[in-house]
Each structure stands twice: as C-alpha cells, then as structure tokens.
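Me: I want to know what stands behind the labels used for this model. Walk me through the reasoning, please.

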Amino acid sequence: MLLSEDNKLTNSYYEASISRPAASPALAGNLNADVCIVGGGLAGLSAALELAERGFSVDLLEANRVGWGASGRNGGQALVGFAADDAIESQLSTEDARRAWHITVEGLQLLRQRMTAHEIDCDFVPGYMSLAVNKRKAQALSAWTEHVARAYDYEMEPIAVTDIGGWIASERFHSGAYDSNSGHLHPLKYCLGLAAAARAAGVQIFEGSPVLDVQRGDKPLIKTHDGAVSCRYAVLAGNVYLNEYGNCVAPELAPRIMPVGTYIIATEPMAKERADALIKQRIAVCDTNFVLDYFRLTADHRMLFGGRVSYSTTTPPDLLSSMRRRMLAVFPQLADVAVSHAWGGFVDITMNRAPDFGRLGDNIYYLQGFSGHGLVLSGMAGKLAAQAIAGQAERFDLMARIKHHPFPGGALMRTPALVLGMLYYQIKDLL
Ligand SMILES: Cc1cc2nc3c(=O)[nH]c(=O)nc-3n(C[C@H](O)[C@H](O)[C@H](O)COP(=O)(O)OP(=O)(O)OC[C@H]3O[C@@H](n4cnc5c(N)ncnc54)[C@H](O)[C@@H]3O)c2cc1C
C-alpha cells in the first residue's frame, strides 16, 4: 500500500477543529512559471511565498490538500535546533555549525513574523521544556544545554529536580531545561495561513495534482495526469511521498530518507483549571528519550500527546489504546478523560538525522530529511531555497554541504537495518 493511502492516520484533531476553504482546482493544461514547487507542506509553501515576494511567478502542485502531510498533523512543537547536532558539528567547521544553528533561531523569528504580518491566528504559546526521565539522562541534558550555551550562545534555563513540580504534574520526570523562545501552535491553522499568504502574493496553488514525472533540463517540465508546468527552477518538497505517484520524480532521493510513523492522540476538552494544573505554564514538553513522548495543551484545553514510532509503515492496530497507555504513564490522573482523536504521519528521517537539502543539476532544488524536527526548519528551508534561486546561495549551500548516505538496502530494504539500529536505542532509553 502507498504511504499516502493509510487513511487510519488522518483522524486528526487538527482537521476536526478547522473548516477548510474549498479545494483549489487541479492542474489542467500546460503552464509556464519561473518556479514550480512540488508539495504543499510548510517547506513548499514557505519557498512559494518567499519566491513570490521576490517577484517570481510560482505554481505549486499538491497531490492532496495543502497541509495534508506532516505539516498539518504534527505535534505543533515549534523548536529551535536540529534533530541531532553531531553530524552537523562533525562535518562543518565550528563557525559554520554555529551559523547552521542560528538558521533555526531565525526560523522561530520567521514564524512569529509571518503570524503577525499575515494575521495567522494559530494558537501560538511561547515556552518549551526538555525533560529528562532519570539522573543519567539529566546529566546528558545538562551537558547538552551547556554545550549549546558555549558553542551557540543560546541559553536555556536549567530546572532542578526540586523545582520540576512547579512546571508539570507528573512523577515521571527528574529535571529539565526551559527554552522561552521555542513554543507550540496549531500546525494546520499555521499551514493554511501560510497558503493564504502565498496565494495573496500571487502563487497559483493546484490541489489534487500529484506530480508523476519531472523531466530535467534547462527548462524542467513537471508533469501531472492532466497537465504540465514548464519552469526555470523546480523545488521538490514532497517529504516521504515525493516518489509515490511516479518513480520518475527524483528516485535518487528516496533511499536517503526513511519513512518512520509517529502518532498523536487528543483527549476530550477538560475544564481550564484542570488542564492548567497539568502543565502549569501551558508550554510544550518533550522528554529526551530516543523514542520520545511529546505533549502540550490545546487552546480548547485538551491534552495532545505524541510519541511511539513504527518502522514498518503500517499503522499499529491498537493505536488509540497504546497511545493512551503512554499518556497515562505520564499523567495517571487522566484515567477518567476520554481520548477523542488518534492519528499519525510519517517523518522523513535521514541516517545521521541532519536535514538533507541540495540540488539535482543546477535548477532543481530539494528539501527533505527534517527527521521529525521540521516545523520551524521547513520554513527556513523554503526561505533558503528562495534566496538561492534569487542569487544568494550562501546559506543554502552551507546546509547542502552536509553529506548524507543512503540507508543500507536502499529504498526497498532499508527497514530491517533501521529496526535493528532503533532497538539498540530503545534499550538505551530503558537504562
Ligand atoms: C505525527 C508527526 C508529528 C510531528 N511533530 C513535530 C513537532 O512537534 N515539531 C517539529 O518540529 N516537527 C514535527 N514533525 C515533523 C514536521 O511536521 C515535518 O518535518 C514538516 O512538516 C515537513 O514539512 P514538509 O513540507 O517537508 O512535508 P509535508 O508537510 O509532509 O508536505 C509534503 C507535501 O507534498 C505533497 N506531495 C508529495 N509528493 C508529491 C508529488 N509527487 N506531487 C504533488 N505533491 C506531492 C504531499 O501530499 C504533502 O502534502 C512531526 C511529523 C509528524 C508526522
């Protein structure tokens, strides 16, 4: 089954809590544009908006609806930094690693600027806490925050074991690190707000328009079933779905990312006072385990709890109840609160967990490999691609210098190797 056909993943609280505008028409016929973008998630929409603001004509092709992929289903945690720092620090100079880190800091500013400039009401709440579940993890967290302060001048506030109860009503955690700059939001509202801003800037968005083939050359030709866009530049931002609809889109990119399922539940709304008592400053929270739990409160006072991973690409049959058990391990006091929604999606993990940006030839850009840490970074990915197309490629090229290896076994056989690797980390989580 295609990843995009797993309907069990789409019972999301986000979709249930908004009303979408009418669908944009599918592409029919042949068009010319300066830039054609494949994918209407945050990376593609961000590139589209930035390019249109710079005077380029832009057509965006989305296979489903805007925000249908990870961008409209994620945990909503808008965080600074990368999924992992090691690959970046080992491959780039100290100064370039610092510039890369500050691209993510700029990503949070960009998000805030866009919310204001385009009046995107998406329930943003500032504040984020990383939590360690035991003393050993606490030492690692503290070493990391000291490193980030020293290497990148980015300060987080240590929260001692004696103070943790002032932040979260759970016995599960030892201590933490608080970041007042990161935060959380309703990702689908943000994504649809970005799409509206892109349309207002002149971007033509075609929904229900899967790209089947990308013909390369001086003028790439991006083909759908009923039409084609001839362009000077293309930006591929299709996440793990990019090659699902036709294996001539960019087959060389698929073996470098692995689709990993991750899942979320939302409870029924609670009384505000009850919700406030669980996460006292209503911040976003994530533990530091490899297979992590991440959670936050919604604007209508639900607990939104994410975690669990699946490497098989099939949705766990007991999704709602197994996620509920994970939530109750953290908040047993929620035993009487019903779960109303359970959903999930795929993150595009690279071998080294660093993002994978680059070019195919001179004029086809790709943005992938956010490794579960893409809400903020995808916005910057789009901005850097737009800057590069407009002639300022320095920061895009900095990120594109990070090397990536294909998963052993390529796109078809990569799962068994990854499962073994993950088992190792899951065992480490237990120690
Ligand atoms: C359950 C879940 C929770 C997450 N939680 C967080 C979090 O809390 N914080 C965080 O930072 N990150 C999180 N992430 C990761 C984050 O959501 C992603 O990194 C980010 O949204 C990726 O954006 P994107 O635009 O690259 O991909 P997507 O949003 O997946 O967009 C890709 C789009 O391209 C379209 N497409 C693909 N191929 C084609 C084609 N051939 N033709 C036309 N259209 C095509 C798809 O339909 C899709 O809409 C989470 C991800 C998931 C799945």
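Me: Which residues come nearest to the ligand in this predicted model?
Reply: Glu62, Ser71, Gln77, Val211 and Asn239 come nearest, out of 38 residues around the ligand.

Me: What makes a residue count as near the ligand?
Reply: One of its heavy atoms must lie within 4 Å of the ligand. The shell of 38 residues is built on that rule.

Me: Why is the pair between Asn64 and the ligand called a polar contact?
Reply: The cut-off is 3.5 Å between N or O atoms. A polar side-chain atom of Asn64 lies 3.1 Å from an oxygen atom of the ligand, so the pair qualifies.

Me: How do you know that the backbone of Gly75 and of Gln77 makes polar contacts with the ligand?
Reply: Apply the 3.5 Å cut-off again. A polar backbone atom of Gly75 is 2.9 Å from a nitrogen atom of the ligand. For Gln77, a backbone N or O atom lies 2.8 Å from a ligand nitrogen. Both pairs fall within 3.5 Å, so both count. Of the 1,000 Å² of accessible area that the ligand has on its own, the protein covers 98%.

Me: What makes up the shell, by class and by element?
Reply: By class, the shell has 18 nonpolar, 18 polar and 2 charged residues. Helix H2 (42-53) and strand S15 (339-349) each supply at least two residues. S15 gives the largest share, 3 residues.

Me: Why is Ser130 called buried?
Reply: Buried means under 20% relative accessible area. Ser130 has 8%, so the label holds. Ser130 lies in strand S4 (residues 125-132).

Me: How do you know that Ser130 makes a polar contact with Tyr128?
Reply: Their side chains make a contact at 3.4 Å. The limit is 3.5 Å, so this pair is within it.

Me: What makes a space in the protein a cavity?
Reply: A 1.4 Å probe fits there but cannot get out. The structure holds 1 cavity of 30 Å³ or more. About 60 Å³ of space lies in the largest cavity.

Me: Why is Arg114 called a lining residue of the largest cavity?
Reply: A lining residue has an atom within 4 Å of a cavity point. Arg114 is listed in the lining, so it meets that test. Others there include Leu42, Tyr190 and Met380.

Me: Which helix gives the most to that lining, and what classes of residue are found there?
Reply: H4 gives the most, with 4 residues. The lining has 8 nonpolar, 3 polar and 1 charged residues.

Technical notes. Residues numbered from 1 in each chain as written. Predicted model: local features only at pLDDT ≥ 70, side-chain atom pairs only at ≥ 80, totals over all residues. Heavy atoms only, no water. 1 Å grid on protein atoms, 1.4 Å probe; cavity = no way out; pocket = protein on both sides within 12 Å on 5 of 7 lines; lining within 4 Å. Points joined across faces, edges and corners; volume = space filled by probe spheres on them. Nonpolar A, V, L, I, M, F, W, Y, C, P; charged D, E, K, R; others polar. Polar contact = N/O pair within 3.5 Å; in protein donor to acceptor, adjacent residues only side chain to side chain. Areas by Shrake-Rupley, 256 points an atom, 1.4 Å probe, with all protein chains shown as cover. Buried < 20%, exposed > 50% of the residue type's maximum accessible area, 1.4 Å probe, protein only.
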